[in-house]
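Here are some notes to read alongside the model, written for someone meeting a structure of this kind early in their studies. Please keep the sequence and the 3D view open while going through the points.

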Amino acid sequence: MDYRELKKSTKKDLFPLPFIDKVLYGLVENKFSFLDGFSSYNQIQISSEDQDKTTFTCPWHTFSYSVLPSRLCDAPTTFQMVALNIFVELVHDPVEIYMDDLTPYGCDFLEALISQPLVLKEEMKKKRKKRQR
């Protein structure tokens, strides 16, 4: 799929991505692990009036995305904004977020390991709230 024309006409999101060196600097003295959130892009819904803009055809049918495809120009900033909103209470202690990577950390391996369930628990709590609405 070629989204060049869609990218040209898309109003760019001005939400700033953090500098990777600033994110990594916060991890220097700590033990950490990475949780890849790539599939989380598929959790962000596209508004129904904008879904037709992502339409593509294949030999069998015409399709359009109902969730955010990772290749759109604003996908990284949109995901960063959503992730920061979900993990607002955990950012900078005990997790760093950069685009689709969540990095739980701690001063030793055990503390870093304990941080992972906190991250996953926070995400599940937000999903439950969303379903109840």
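**Notes on the predicted model**

1. A good place to begin is T54, which is found in the loop between strand 2 (35-36) and strand 3 (56-57); please keep in mind throughout that this is a predicted model. Is T54 buried or exposed? With a relative accessible area of 2%, T54 counts as buried, because the cut-off for that word is a value under 20%.

2. The surroundings of T54 can be described in two steps. Its side chain reaches the backbone nitrogen of Y65 at 2.9 Å. When neighbours within four places in sequence are left aside, the residues in contact with T54 are Y3, L6, I46, F63, S64 and Y65.

3. A second loop residue to look at is P69, which lies between strand 4 (62-63) and helix 3. P69 has a relative accessibility of 3% and so counts as buried. Not counting residues up to four places away in sequence, P69 touches I46 and A75, and I46 is also on the list of contacts of T54. The C-alpha atoms of P69 and N42 are separated by 6.9 Å, although the two residues are 27 residues apart along the chain.

4. For a contrast, turn to D36, which lies in strand 2. D36 has a relative accessible area of 57%, and it is therefore classed as exposed, since that word is used for values over 50%. Which residues does D36 touch, not counting those up to four places away in sequence? They are D100 and D101. From C-alpha to C-alpha, D36 and M99 are 9.6 Å apart in space, while 63 residues separate them in sequence.

5. The chain as a whole has 4 helices and 6 strands, and, read along the sequence, these follow the pattern α-α-β-β-β-β-α-β-β-α. Of the 133 residues in the chain, 34% are buried. Among the contacts with a separation of 6 or more, 63% are between residues 24 or more positions apart. The chain exposes about 9400 Å², and carbon and sulfur atoms supply 58% of that area.

6. The largest nonpolar core deserves a careful look. This core has 17 residues, of which Y3, L68, L72, F87, I97 and L102 touch the most other members. The elements that give two or more residues to this core are helix 3 (75-86) and strand 5 (95-98), and helix 3 gives the most, with 3 residues. As background, nonpolar side chains tend to be buried together in soluble globular proteins.

7. One of these core residues, I97, can be followed further. Leaving aside neighbours within four places in sequence, I97 is in contact with P18, V23, Q80, A83, L84, F87, V91 and L102. Two residues in that list, Q80 and A83, are also among the buried residues of helix 3.

8. Helix 3 itself can be checked with a small piece of reasoning. Its 12 residues should span 16 Å at 1.5 Å a residue, and its end C-alpha atoms are 16 Å apart, so the expected span and the model agree. The buried residues of helix 3 are A75, P76, T77, T78, F79, Q80 and A83, and these buried residues pack against strand 5.

How values were computed:
Residues numbered from 1 in each chain as written. Predicted model: local features only at pLDDT ≥ 70, side-chain atom pairs only at ≥ 80, totals over all residues. Heavy atoms only, no water. Buried < 20%, exposed > 50% of the residue type's maximum accessible area, 1.4 Å probe, protein only. Polar contact = N/O pair within 3.5 Å; in protein donor to acceptor, adjacent residues only side chain to side chain. Contact = heavy atoms within 4.5 Å. Areas by Shrake-Rupley, 256 points an atom, 1.4 Å probe, with all protein chains shown as cover. Core = buried A, V, L, I, M, F, W, Y, C linked by side-chain atoms within 4.5 Å. Expected span 1.5 Å × (residues − 1).
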